[in-house]
Each structure stands twice: as structure tokens, then as C-alpha cells.
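Here are my comments on the structure you asked me to look over, set out as numbered points. Please read them with the model open beside you.

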Amino acid sequence: MTDNPSPTPTPHQAPVILSDEPGSFAHEVLAKRHPALIQRVRDAFPYSRRQHKALDTLLDEITNGVVEPLAPSAPSDPSVPSAHDHEQWAEWGREHFGRPWFDAPFLWAESYFYRRLLEAVEYFGTGPWQGVDPFAPFKQAELLTPAVHQELQALDALASTPADQRATALLHASLWGNRADLGFRVTQANPTPAAATNALVANDESALWRLLPATADSTIAVIADNAGRELIPDLILIDHLLTHRHAARAILHLKPHPYYVSDATPTDTIDSLRLLTQAPGEAGAIGHRLQAAMATDRLEIRTHPFFCAPLPYANMPDDLRDQLSTATLTILKGDLNYRRLVGDHLWDPTTPFADLTAHFPTPVAALRTLKSDVITGLDQKTLDTLERSGSAWRTSGTHALIQVRR
Ligand SMILES: O=P(O)(O)OC[C@@]1(O)O[C@H](CO)[C@@H](O)[C@@H]1O
């Protein structure tokens, strides 16, 4: 951790990540993961001929075509849901429309892909498919897996361990929960926990706990990532923080609509809370405590459109900045939040994390498994070891980090 961050490096000091290099991680995502996802979504729903046609058009566009704007036929009446962000995307896409998808910044191209997928399945339309989450079948199936039930059962044994050990275990469960990303599984053959080395490339855990001393009147903000197997341990960690007075209040920031396959929305959060409250033993007790915390506003869920924007957090709008500013510490979960926090650039991996996050309105902790090329804040020795390993340590989800900026 750095106490006195030096001036924030500007983005031009490191190349922005594009998707135009065959064989690169970003290229694979656009060339393989997105087409595979279209197929999965198509197979999961009894879509109409019009929706299939829209999915065909999108598939053709992302593989052979150039980036098209949102359909001009979409309603322009701002009271109609599909118009809510057209103007913004027209602005965000101005320099990318009419050019190959692979030439756009990776962060922009992924974000816009998800927006277009929602458009194709009429998520923002006015008809019967309005609000039908195309990723819901995958998220719901995950909640029913034996792995989730085993994880909930394991809480019974953990309940009798000393609070500090439990805190560490729950923090790590929340961290490694980030490996359970359904988008990641679209193309990863076997991303099983057994394949992971569980290696932390940076660990500022003690700094995190120092920022949340027990009995302080703290507010913790958590910017969530994936639903299900990630969100459940996030909620359990929040319960621990509230119960043990590390925080007096928690605000859980969620995506306002489906995004990056498994990103958590309010609906997903309600599903996870219901699973907890209906579980036996300690899991059930946690679920009921969380529900009580929501009823008394000690736990609040919020959404903001910026969480689905193709922009770094350095560009967050003032209203979100004001909201976040009340937090003692913000925990950002996952890979995408990390990319947006430090900027989606090929930084020198030893660039201090504190320098790149100086823009963020509160002290910040990133809990992330490594699933894309961005990395910062490594010490040279760790970097050398990782590079020598010859493994795909940046992108395979086998490594993780806890990085803190006070
Ligand atoms: O934010 P998350 O859920 O940890 O990860 C999202 C993610 O899997 O999606 C992208 C590929 O589609 C990657 O950049 C990133 O690793």
C-alpha cells in the first residue's frame, strides 16, 4: 500500500486494450465467447422469429460486420423504457460506429455487445419480453448446484471458529467466489476449483481490516460483481461486517439490468437472499439477519446506470461520486470492476495500485480473481515468478488479489 500516492499516471502512458490481435485474450472473447453466448441464450428461451432474426443479425455483425448503432426504430419517447440510454450510446459509440468491432477498445466492445444482446431479445421493449433476463436460466441453475449447498453447509462449522478467523475465511470466500463467473464458463473447458492454485499475487488484507475497526461507525460500500456463487459469499461477508460492528451500515451496489452474463441485479440479490433465508442452520440465520438489516436500512441495495457504462470509474458521474463518498471503504468485486477502477490499459504491472486509484472518492479495496490482461501493483519479484511460470496467470482465474488504497 502507498500512503502518499504520486500523481495519477495518465492513460496515454499505457496502451488501451483492444481486441484486434488474434490469439489475444480480448480477441478470443469477441471472436469466441460472444458468439457462443448468443447460441446459449438462443437455446435457453422460446424466442420469436423476430428475436431469432435479431440474434442472427447481431451474430453476423460481431463476426463479419462493423459496429452499428442502436436501432433507429427504437422508441424515442423517453417515457418508453427502450429509449433510456440511446442518447448516451450514440455519444459513447460515435467514434466506433461503422468500424470493425475488433478495432474498438475491449471494454467498450464488451459492454456494447451486452447492450445489443438485450436489444435483440427485446429486454427494453414494450412487449412481453420486457425485463426478461436472458441470463436468468444460467443464474438460477447455478443456485441449485450441489456446490452452492455445500458452501452453505460449511457455514455451520465456521460458526464456532473465532471471529477473526471467520472474518478471514469469509473475505477469502468472497474473493474466490469471483471465479464463479458464468461468462468465464462459456469458453473455459474446466475452470474447476481443483484447477486453481489459489495463489494471491497481492494481499493487502491487513490494510483492509485496519480500515474497518470493530465498533467504529463505518459505512461499507460493496460494488458487486456476479450473482449466485459470488454474491452469496459477498452477502455473508456483509453480514459478518455488520454483526461484528466492522460496519454500522452497508450499501450493496448492483447492476440495474443484466450484464456480462452473470452480473448481479436486484432480482438476483433477492433470489440469493431467499436461498439463504430458506436454508437450514447458520446459512438460514445469516439470511434472516440480512433481511432484518434491510428492513432497518443497515443494509441497502442500490443501482446506478453507470455500473453498465463502458467507461472507467475515473469518469463516474457526480451523483454516483456523491453517493459513494459517504463510505468509509468501498469494496470492488471482480475483474470488470478492477478494469474500470484502474483503467483498461496494458499497465506496467508494477505501476502502483494507489496511483491508478487516486481518483476514486473513498478508500478502496479490490477483490478480484485475474481474468483479463490488466494488472497493477505487483512487486517485481512476484511478477518475475509469475512470468517464469509460463502459465496464463493473467487470464485463467487461477490467481487472485486483494489490493487496498487508503
Ligand atoms: O467481472 P468478472 O465477472 O470477474 O469478469 C468478467 C470477465 O470474465 O468478463 C470478461 C470477458 O468476457 C473478462 O474481462 C472478465 O474476466
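The points below go from the domains to the ligand, then to helix packing and two single residues.

1. The model is a predicted one, and what follows should be read with that in mind. The protein is divided into domain 1, residues 11-135, and domain 2, residues 139-405, and the centres of the two domains, taken over C-alpha atoms, are separated by 26 Å.

2. Where the domains meet, 25 residues of domain 1 are in contact with 23 residues of domain 2. On the side of domain 1 that touches domain 2, helix H1 and helix H4 (106-120) each supply at least two residues, and H4 provides the largest share, with seven residues. By class, this side of domain 1 has 19 nonpolar, one polar and five charged residues.

3. The ligand lies between domain 1 and domain 2, because both of them give residues to the shell around it. Of the 15 residues around the ligand, those that come nearest are Gly334, Asp335, Leu336, Lys371 and Ser372. The elements that give two or more residues to this shell are helix H1 (25-44) and helix H14 (334-342), and H14 gives the most, with three residues. Sorted by class, the shell around the ligand holds four nonpolar, five polar and six charged residues.

4. How are H1 and helix H2 oriented with respect to each other? H1 and H2 (residues 49-64) pack at an angle of about 175 degrees, with their axes 10 Å apart, and since angles over 145 degrees count as roughly antiparallel, the two helices are therefore roughly antiparallel to each other. From H1 the contact is made by Leu30, His34, Pro35, Ile38 and Arg42, and from H2 by His52, Leu55, Leu58, Leu59, Ile62 and Thr63. The residues of this contact divide into seven nonpolar, three polar and one charged.

5. A second helix pair is formed by helix H6 (residues 146-158) and helix H12 (residues 281-295), whose axes come within 6 Å and cross at roughly 95 degrees. H6 and H12 are therefore roughly perpendicular to each other. H6 contributes Leu152, Leu155 and Asp156 to the contact, while H12 contributes Gly281, Glu282, Ala283 and Ile286; by class, the contact of H6 with H12 has four nonpolar, one polar and two charged residues.

6. Is phenylalanine 113, in helix H4, buried or exposed? Phenylalanine 113 has 24 C-beta neighbours inside 10 Å and so counts as buried, the cut-off being 20 or more. Not counting residues up to four places away in sequence, phenylalanine 113 touches His34 and Ile62, and these two residues also take part in the contact of H1 with H2. Phenylalanine 113 and proline 312 are 199 residues apart in sequence and 17 Å apart in space, C-alpha to C-alpha.

7. Methionine 316 is found in the loop between strand E4 (299-303) and helix H13 (318-324). With 21 C-beta neighbours inside 10 Å, methionine 316 counts as buried. Leaving aside its neighbours within four places in sequence, methionine 316 is in contact with Phe306 and Arg321. From methionine 316 to aspartate 268 the separation is 48 residues in sequence and 24 Å in space, C-alpha to C-alpha.

Methods
Residues are numbered from 1 along each chain as its sequence is written. This is a predicted model: local features need pLDDT of at least 70, side-chain atom pairs count only at pLDDT 80 or more; totals for chains, interfaces and linings use all residues. A residue is near a molecule or strand if its C-beta atom, placed from the backbone, lies within 6 Å of it. Helices (H or I, at least four residues) and strands (E, at least two) are DSSP runs, numbered from the N terminus. Ala, Val, Leu, Ile, Met, Phe, Trp, Tyr, Cys and Pro count as nonpolar, Asp, Glu, Lys and Arg as charged, and the others, Gly among them, as polar. Domain bounds come from an automatic or database domain assignment. Axes are lines fitted to C-alpha atoms, for helices over the stretch in contact, and angles run from 0 to 180 degrees between N-to-C directions. Angles under 35 degrees count as roughly parallel, over 145 as roughly antiparallel, 65 to 115 as roughly perpendicular and the rest as oblique. Two residues are in contact if their C-beta atoms, placed from the backbone, lie within 7 Å. A residue is buried if 20 or more other C-beta atoms lie within 10 Å of its own, exposed if 12 or fewer, and partly exposed in between; C-beta atoms are placed from the backbone.
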